[in-house]
Amino acid sequence: MEPYCKINDIIKEAIKDITPPESIKIFDTTLRDGEQTPGVSLTPDEKVEIAIALNNIGVDVIEAGFPVSSLGEQEAVKKITSLDLDAEICGLARAVKKDIDVAIDCGVDRIHTFIATSPLHRKYKLKMDKEEVINKAVEAIEYIKSHGIKVEFSAEDATRTEIDYLIEVYKNAVDAGADVINVPDTVGVMIPKAMEYLIREIKKEIDVPISVHCHNDFGLAVANSIAAVEAGAEQIHCTVNGIGERAGNASLEEVVMILKSIYGLNTKIKTEKLTDLSRLVSRLTGIKTQPNKAVVGENAFAHESGIHAHGVLEHALTYEPIPPELVGQKRKIILGKHTGAHAIKAKLKELGIEVGKNVTEEQFKEIINRIKSLGDKGKRVTDADVEAIVEDVTKRTLKSERVVDLEQIAVMTGNRVIPTASVALRINEEVKKASAIGVGPVDAAVKAIQSVIGEKIKLKEYHINAITGGTDALAEVIVTLEGYGKEVTTKAAREDIVRASVEAVIEGINKILRSQVK
Ligand SMILES: CC(=O)SCCNC(=O)CCNC(=O)[C@H](O)C(C)(C)COP(=O)(O)OP(=O)(O)OC[C@H]1O[C@@H](n2cnc3c(N)ncnc32)[C@H](O)[C@@H]1OP(=O)(O)O
Ligand SMILES: CC(C)C(=O)C(=O)O
């Protein structure tokens, strides 16, 4: 398979000696290790919903749960096995007869049985010597096999186990009938070079498929899983969004996309469904995915920096390793403090506005300034903000055509003062001033304008919307004014509600007065 991103000569040279399998099986443990994320607990129906999505995306094995852990877990696993999905359904079991019996009763296709092998776990947790651990593993595997069920065997904490002993455990497991040997990096202490070495050593002695289960305690779960594949591992355990015990597990979406896009290796995953799957798991588990999460994060294909946005608009590969659609994402051009003119022009085009046609070059400059100044206030500029800014800038009567212009406004408000506003308006080259009090600063400001203009024009309706969240939200003010037998509606958008209100009212006054002149 050709990798999706054009892999360069450096990568080709670096990986020329690797020995990966033709295709890699994806063993998804979102419903087992993923559910071990502190605070996460899925109902049977939620587990079923995720299992169906995992099946639809094409995972080979779904570890549906650890049946012995609760009655609800058994109900969930039973519901999943009864769905007759294409994926193999697996249940976890300690090397304990009761665990195995309960898993069998749930109708699973595969039992993943495990026992810890490291000196630490043997001594402090299991209180067993090396031989006892092997005997327990062998007993469990033989018992499962006697029921005609496929066995995947894990030596828990394999990566902190004496390597000779580990290989001895695995050889015994295979002799007892294990179909797949899993190598868990239980506390995420491996580094890629060591993982590659370990898998090569195990493969020299074991001829059933080798799997890895990497934890992310040092942020290396994905890198270690990939290193295992480079050394020939045929199966990777992963979870959607990388959720799992402590710092989590290898993230399914990252593993799959690295294999596909960089190595050109096959999995059965329908990658266009990755983002939807990620959102589903995030919603049902309540574990939010960070925006900068690789592949499925909100920002994985978002560009704000002017230079990047310009590059991407000219040729997407300049700043994107793969097309967003490949993983079910969409490219986003975000406007804000770091935005450049190219990105704003493109965003306006998206909104049906063309510079030189619907907005003048001068208005375009003002739109850029307004967007950047909103960004300077630490805000992310939304499409709604842009639309409001554009409407405000473009619908505003040009200065030369204005009858009334705001020269100055000052407002005073507080808990011990009556809200008061003073305005200075330029009307046909003459500056007129007035002050007024009101129930609040907006009311005072509008009344002050009203007293300069006189009673012939009246404010009929006033609406204010906070377009964006936060106290620094862009406020959109919509007013309807009536005067000289005419009714006009105008709007203005600013972060400052008094200024937005005043601008909307003055805009309306100009419209009415201009209609009188014509
Ligand atoms: C690395 C992993 O992620 S392993 C999976 C971890 N997941 C979970 O633990 C979630 C579900 N777990 C549970 O619901 C419970 O822990 C159960 C039902 C499995 C066991 O509950 P309890 O019987 O109350 O035991 P508890 O959890 O307190 O202790 C674990 C026991 O299992 C033993 N044990 C641990 N692993 C194994 C194993 N692989 N094989 C055999 N025995 C084991 C421990 O030595 C301890 O034995 P002890 O009770 O004789 O001291
Ligand atoms: C059960 C095993 C594979 C496990 O979850 C771990 O070691 O992290």
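In this predicted model, ligand 2 sits in a ring of residues made up of Asp33, Phe114, Ser154, Glu156, Asn182, Pro184, Thr186, His213 and His215. Sorted by class, that shell comes out as five polar, two nonpolar and two charged residues. The charged pair is Asp33 and Glu156, while Phe114 and Pro184 are the nonpolar ones. Two strands turn up here: strand 5, spanning 150–156, and strand 6, spanning 180–185, each bring at least two residues to the shell around ligand 2.

Next come two helices. Helix 7 covers residues 163–176 and helix 8 covers residues 192–205. These two pack with their axes 10 Å apart, at an angle of about 45°. An angle from 35 to 65 degrees falls in the oblique range, so helix 7 and helix 8 are oblique to each other. As for handedness, the crossing of helix 7 and helix 8 is right-handed.

Which residues in helix 7 and helix 8 meet? On the helix 7 side they are Ile163, Ile167, Tyr170 and Lys171, and on the helix 8 side Glu201, Ile202 and Glu205. By class, this contact has four nonpolar and three charged residues, with no polar ones. Lys171 is the charged residue from helix 7, and Glu201 and Glu205 are those from helix 8.

Stepping back to the whole protein, the domain assignment gives domain 1 at 9–285, domain 2 at 302–395 and domain 3 at 399–517. Taken over C-alpha atoms, the centres of domain 1 and domain 3 are separated by 66 Å.

Methods: Residues are numbered from 1 along each chain as its sequence is written. Chains are lettered from A and ligands numbered from 1 in the order in which they are written. This is a predicted model: local features need pLDDT of at least 70, side-chain atom pairs count only at pLDDT 80 or more; totals for chains, interfaces and linings use all residues. Axes are lines fitted to C-alpha atoms, for helices over the stretch in contact, and angles run from 0 to 180 degrees between N-to-C directions. Helices (H or I, at least four residues) and strands (E, at least two) are DSSP runs, numbered from the N terminus. Angles under 35 degrees count as roughly parallel, over 145 as roughly antiparallel, 65 to 115 as roughly perpendicular and the rest as oblique. A crossing is left-handed if the near helix is turned anticlockwise from the far one by less than a right angle, and right-handed if clockwise. Two residues are in contact if their C-beta atoms, placed from the backbone, lie within 7 Å. Domain bounds come from an automatic or database domain assignment. A residue is near a molecule or strand if its C-beta atom, placed from the backbone, lies within 6 Å of it.
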